[in-house]
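The following exercises concern the reading of a protein model. Each task is followed by a solution in steps.

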Amino acid sequence: MKKYNLFRLFSLPLFLVCLLSTTISLAGDWPKVIQSANGKIVIYQPTPEELNGDQLKARAAFSVTPTGKTDPVFGALWTNAHISTDREKRMVYLIDAKITDIRISDTSIDSTKTAGLKSIIENEVPKWDLALSLDALLASLEQNNPKQQPDIKTDAPQVIYRDHKSVLVVLDGDPKMAKLDNTDYNRVMNTPYFLIQDPKSSAYYLYGTKVWYTAPSLTGTWSIEKKPSKDLQRVQDWLEDQAKQQGGNPDSAAPAPTSAPDIIVRTKPTELLQTDGEAQFSTIEGTQLLYVKNSDNDIFRSIADQKYYILLSGRWFNSGSLDGPWNYMASDNLPADFAKIPEGSEKDNVLASVAGTNAAREALMDAQVPQTAAVSRSEAKCDVSYDGTPQFQKIDGTSLSYAVNTSASVIKDGNIFYVCQNGIWFTGSTPNGPWSVATSVPADVQNIPSSNPLHNTKYVYIYDSTPEVVYVGYTPGYTGCYVYGPTVVYGTGYYYSGWYGVQYYPRPCTYGFAVHYNPWTGWGVSFGMGFGGYYGGSCGWYGPVYRPPYYYRPPYGGYYGPRGGYGNHYGNTNINVNNNININRSNNIYNNASGARPSFSGRPNNNGNGVINRPGDGGAKTSRPNNGGAGMNRPSGGGDFKVPASGGDMKNNVISDRNGNVFQNDGGNWKSMDNASRAGGQMQNIDRSGLDRQQIGQDRGEMRTNNFNNFNRGGAGGGMARPGMGGGGMRR
């Protein structure tokens with residue numbers, strides 16, 4: 001075979017144009033082709049190899065065919081880059097990518113030329129945007145469980161079963177009262193429901209859409225208050241007005257209920273199971289499992305052992321009866337049929353909580369991918385207030401202490417103070433500030449135990465900094481999603497006592513809101529059936545007349561009230577909030593953090609869109625040129641090479657293994673694309689199972705990306721597009 005001169009064959013910066021100016025998304029968009037008078041360059045879909053913090057290693061196979069020749073030269077290259085993530089769009093952008101190695105299958109290309117090739121590509125890398133779908137990343141990465149997993153409690157909460165319209169009203173311990181301004185009522189502050197008491201009669205009133213429910217005591221029988229007092233009507237008018245200001249009450253057009261549901265009030269961790277009448281079972285194809293079809297809960301029964309299985313906050317419990325008692329069941333000890341639940345079936349939403357499934361593996365990987373941002377040192381702000389003089393308690397197992405009489409996450413290390421707020425670390429010399437963006441935090445933060453309410457702050461990281469910005473990120477652990485063995489769970493399972501003084505500050509909780517997992521939006525909540533509108537302090541529905549001196553903020557944001565009748569109670573408010581995280585329906589906490597913006601967006605030309613790029617390598621950490629400045633715009637394409645285009649009908653069936661050997665999937669059979677092998681030389685040993693896994697990962701990544709796009713469009717097709725282990729918008 002004739003030897004090729006790769007330097008004459010193509011301009012390497014233009015080869016990089018093809019590799020780094022394209023967006024890795026669906027497999028159908030690959031391969032990418034650059035055509036010129038000198039030849040054709042084909043880039044095949046890159047394969048992620050390893051994710052460590054905000055650094056990603058990946059490799060890609062490529063081929064070069066000189067004009068007038070039919071046999072291409074194949075090779076592989078490796079890159080190491082920082083990542084910037086956008087979970088709303090589920091995209092991962094690679095920045096400051098560096099080519100770490102290149103392997104060419106043509107042995108005539110000596111090491112000197114290969115080194116020159118690497119050098120030229122490295123010089124061009126900073127000019128290009130490389131992006132891949134988050135779902136392609138999750139599907140392709142090899143499973144890498146964290147070495148240190150949190151101490152998770154698996155004690156079962158109290159579980160109540162009802163076969164009729166019911167609602168669970170949870171309180172964080174015994175009622176904590178505060179006078180409701182300009183009324184004779186006291187507000188129960190340690191609950192997300194609008195619950196008040198008349199101190200004269202001791203009767204309680206719970207507000208739902210258009211009606212008040214009343215009971216002589218919290219555990220008494222609730223009924224509709226048919227003749228509300230003038231004071232109750234004034235409060236109701238104010239609540240309805242606040243609802244309108246918040247975007248309207250979704251139940252405002254619904255008729256007022258004529259009877260009260262079964263209202264269950266509990267002061268300890270509790271979950272409610274409900275069916276619409278007697279439990280009705282349906283089969284799951286290919287298994288010996290039944291599921292309860294007239295329920296919003298995940299309730300199963302195994303034909304083999306005749307036990308019931310339920311999923312609560314990512315944890316499995318089983319019992320011989322729907323009335324309990326319930327016992328914890330590890331996800332890898334479930335009956336084998338759970339792993340056989342077909343993707344696309346009615347209950348495939350639970351697969352992320354079943355050990356060994358693709359959904360569980362991808363959830364584990366997702367829990368390790370950070371949401372990132374660049375934080376302006378001059379613009380970022382931090383606000384901390386205390387209920388009186390700051391009070392600190394020691395954090396067990398560390399040299400740190402934390403403030404207990406504030407809703408903020410304030411940590412003391414010697415004479416220095418740190419605040420973790422909205423995924424950003426701040427530091428100051430006093431507990432009251434002034435606060436500046438931190439560039440490092442004490443190492444002992446990583447030793448905060450699960451038994452401490454500030455445990456989630458250990459999942460907020462500082463990656464880099466310049467004099468202008470600090471590069472930060474948080475993994476889903478910050479929002480309560482933890483890796484526990486072979487699956488993810490919500491919450492630590494520990495009960496954290498809230499602070500109650502002049503003000504009330506709640507702590508994160510694990511149970512009480514039917515927390516469920518969605519592969520696109522994370523953990524969300526649902527409520528009981530048959531209750532009207534929900535009005536809670538977390539939504540900020542306090543006006544100038546009725547604003548109490550303190551508030552309750554549960555671990556979720558937005559309107560999430562149980563609505564009249566049965567059906568979908570999930571909506572799109574699948575956002576977890578711990579401690580002082582204040583967000584709305586967005587999946588990105590940094591959207592509401594002052595001074596935070598994407599560290600990289602993948603937008604062409606970076607021209608004035610507020611994006612901040614990472615500092616360059618070598619020496620002092622200096623900023624990149626301003627957006628739109630020299631060196632920041634895309635090259636025009638260079639030489640006679642055209643802008644990269646899709647390969648059209650070309651098959652995206654060429655990949656590289658970890659050793660840089662390039663193979664083609666030819667009708668399900670792998671063959672080596674090594675030039676010597678193709679010329680009739682010795683055939684390489686092929687790790688077919690490894691190549692198959694890699695191909696499956698690419699295919700599944702395409703499927704997940706399609707499913708997310710369908711979910712984003714509100715589609716409710718079958719299987720994974722419902723969306724991937726759930727319903728269209730979490731249809732249950």
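**Exercise 1.** Determine what share of the contacts in the protein with a separation of 6 or more comes from residues 24 or more positions apart.

*Solution.* A contact means heavy atoms within 4.5 Å. Among the contacts with a separation of 6 or more, 62% join residues 24 or more positions apart. This is a predicted model, in which local features need pLDDT of at least 70 and side-chain atom pairs count only at pLDDT 80 or more, while totals for chains, interfaces and linings use all residues. Residues are numbered from 1 along each chain as its sequence is written, and side-chain values use heavy atoms, with hydrogens and water left out.

**Exercise 2.** State the order of the four strands in the open sheet that includes β25, and identify its edges.

*Solution.* Strands are DSSP runs (E, at least two residues), numbered from the N terminus; two strands pair if DSSP finds at least two bridges between them. The order is β32-β33-β25-β40, with antiparallel pairing. Strands β32 (460–465) and β40 (596–597) are the edges, each pairing on one side only. Within the sheet, β25 (residues 371–376) and β33 (residues 469–474) are linked by six bridges. Valine 375 has valine 470 in β33 as its bridge partner.

**Exercise 3.** Assess where the pLDDT falls below 50.

*Solution.* pLDDT is the predictor's confidence in each residue, from 0 to 100. The protein averages 74, and 67% of the residues score at least 70. Over residues 528–586 pLDDT stays under 50, although the model has 235 contacts beyond four places in sequence for this stretch. Residues 679–683 are also below 50, with six contacts beyond near neighbours in sequence. Where pLDDT is low, the predicted coordinates should not be read in detail.
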